[in-house]
Amino acid sequence: MLKKALQVYSPEQAVAGRMIVAGLAFLPYALRRVRQFPRKFWLRVTAFALLANVLTSFLYATAQTSIDSGLNGIINTLTPLMTLLVGILFYREKGRLFQWLGLGLGFMGTIALLYASGQATVNSVNLFALVAIMATVCNGFTANMLKFNLKGLSALDISGMAFLVTFPLAIGFFSFTGGFSLAFSGAETFQATAYLILLGLLANALALILITRLIQLTSPVFATLTTYLIPLVAVSWGFLDGEKIGAGQLAAMGVILVSVYLINRTVKPQKA
C-alpha cells in the first residue's frame, strides 16, 4: 500500500497524510480526554509521538522509494534485535540466552522464508538500506518507551494524545506542500489517496493501539516479533488461495515458530 501511495505522494506528504487520517480518527476521544491527561506525561508522549509518528514513518517511506520490498522485509526483521539492544543499553534490561537464540533463529528463518517464497529479490544494497535500519532502531526506542516511559497510561490515551500532538503539524505540512490539492486533483490520484487513508487507519491508528497493549501485557521484544510473523502469514494466505508450499518454506516457518517459542519462555505475562 505504501508503494502505491508513493507513486503520487512524496515520502514527506505520505507521512503527513497518514498522520492526518490517524489524527482525525482519534480526535473526538483525544479532545474529551485532553484536560484529564496527566501533565507529567505530556513531554514524554510528545517525544514518543515525534519519534514514532513522524521520524520512523518518514524513514520507512524514504527507504521504500529506493530499495526493493525483499530487502526492506529482511531489514525490518532487525526490529526485535534493535528493541533488545535499546533495552539493554538504555533501560538496564538483561538479555537472556533464550532471547538471543530465539532472535537469531527468527532472523534466519524469516530470511529463508522470504527467499523460498520468492519475496526477496535483492539485487544490490544501497545507502537507503541504512535508512531502513535507522527506522528499526527508532522502533526499538519507541517499543521501550511504551513499556517504561509511558507506563501507567492506557493504550487509548497514549495513541490519542500522540496523534493529537502530530495532528496540527501534519495538517500544516500537508497543506504547505500541496498535498490537499494533489489529493483532489483527479481520478488518477484516487487510488493513492485511498491507500494513504487505509495506511493511516490500519498501519498507524489501529496498529499503535494494538502494539501498545501487547507491549503492556508482555514485553517490547515479544511484541515486535510480529515482524517475523508477517511473511509467515503471507505464505499461509497464499496456501489458502491455492499456492503450493515447498519443503523449504515449511522448514523456515518451523524455525520461526521455534524462535517465537524460545523468546516466549522469557516473557512474564503482566496483569491487564
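**Helix axes, before anything else**

An axis here is a line fitted to C-alpha atoms, for helices over the stretch in contact, and the angle between two axes runs from 0 to 180 degrees between N-to-C directions. I'm writing that down because the angles below hang on it. I also note that this is a predicted model.

With that settled, I looked up helix α5 (residues 79–90) and helix α7 (residues 128–149): their axes come within 8 Å and cross at roughly 55°. That makes α5 oblique to α7, because 55° is not under 35 degrees and not in the 65 to 115 range. The crossing of these two, α5 and α7, is right-handed.

**The whole chain**

I stepped back to see what the chain is built from. I found 13 helices and zero strands. Reading along the sequence, I just get α after α, from start to end. Of the 272 residues in the chain, 47% are buried.

**Two more helix pairs**

Next I picked α2 and helix α3 (residues 42–64). Their axes come within 9 Å and cross at roughly 135°. So α2 is oblique to α3, since an angle has to be over 145 to count as roughly antiparallel. I noted the crossing of α2 and α3 as right-handed.

Then I followed α3 to α7. Those two pack at an angle of about 155°, with their axes 9 Å apart. How do α3 and α7 run relative to each other, roughly parallel or roughly antiparallel? They are roughly antiparallel, because 155° is over the 145 cut-off. α3 passes α7 in a left-handed crossing.

**The salt bridge**

How many salt bridges does the structure hold? I got one. Arg33 forms a salt bridge with Asp157, and the closest N and O atoms are 2.7 Å apart. The pair links distant parts of the chain: Arg33 sits in helix α2 (residues 11–33), Asp157 sits in helix α8 (residues 155–176), and they are 124 residues apart.

I checked how covered each partner is. Arg33 has 26% relative accessibility, so I put Arg33 down as partly exposed. Asp157 has a relative accessible area of 6%, so Asp157 is buried, the limit for buried being under 20%.

**Another spot in α8**

I stayed in helix α8 and clicked on Met161. Is Met161 buried or exposed? Met161 is buried, because the relative accessible area is 0%. I also looked up how Met161 sits relative to Val45: the two are 116 residues apart in sequence, yet 7.1 Å apart in space, C-alpha to C-alpha.

**Tyr9 in a loop**

Tyr9 has its place in the loop between α1 (2–6) and α2. I wanted to know whether this loop residue is buried or exposed. At 3% relative accessibility, Tyr9 counts as buried. Which residue did I pair with Tyr9 for a distance? I took Thr189, which is 180 residues away in sequence and 9.0 Å away in space, C-alpha to C-alpha.

**Arg92 in another loop**

Arg92 lies in the loop between α5 and α6 (97–116). With a relative accessible area of 81%, Arg92 is exposed, which means over the 50% cut-off. I also jotted down the backbone angle: phi of Arg92 is near 60°, a positive value in a residue other than glycine.

**Ile230 and Thr77**

I found Ile230 in helix α12 (residues 226–240). At 52% relative accessibility, Ile230 counts as exposed, because the cut-off is 50%. The C-alpha atoms of Ile230 and Thr77 are separated by 9.6 Å, though these residues are 153 apart along the chain.

**A nonpolar patch**

Last, I looked at the surface. A nonpolar patch of about 600 Å² is made by Met1, Ile197, Leu198, Leu201, Leu202, Leu206 and Leu210. I zoomed in on one of these, Ile197, whose place is in helix α10 (residues 190–217). Why does Ile197 count as partly exposed? Because its relative accessible area is 40%, and partly exposed lies between the 20% and 50% limits. Ile197 also passes the patch rule, because a patch residue needs over 30%.

Note on methods:
Residues numbered from 1 in each chain as written. Predicted model: local features only at pLDDT ≥ 70, side-chain atom pairs only at ≥ 80, totals over all residues. Heavy atoms only, no water. Patch = residues over 30% accessible without salt bridge, like charges linked within 9 Å, V, L, I, M, F, W, Y side chains within 5 Å. Areas by Shrake-Rupley, 256 points an atom, 1.4 Å probe, with all protein chains shown as cover. Salt bridge = Lys/Arg side-chain N within 4 Å of Asp/Glu carboxyl O. Helix = DSSP H or I, 4+ residues; strand = E, 2+ residues; numbered from the N terminus. Buried < 20%, exposed > 50% of the residue type's maximum accessible area, 1.4 Å probe, protein only. Left-handed = near helix turned anticlockwise from the far one by under 90°.
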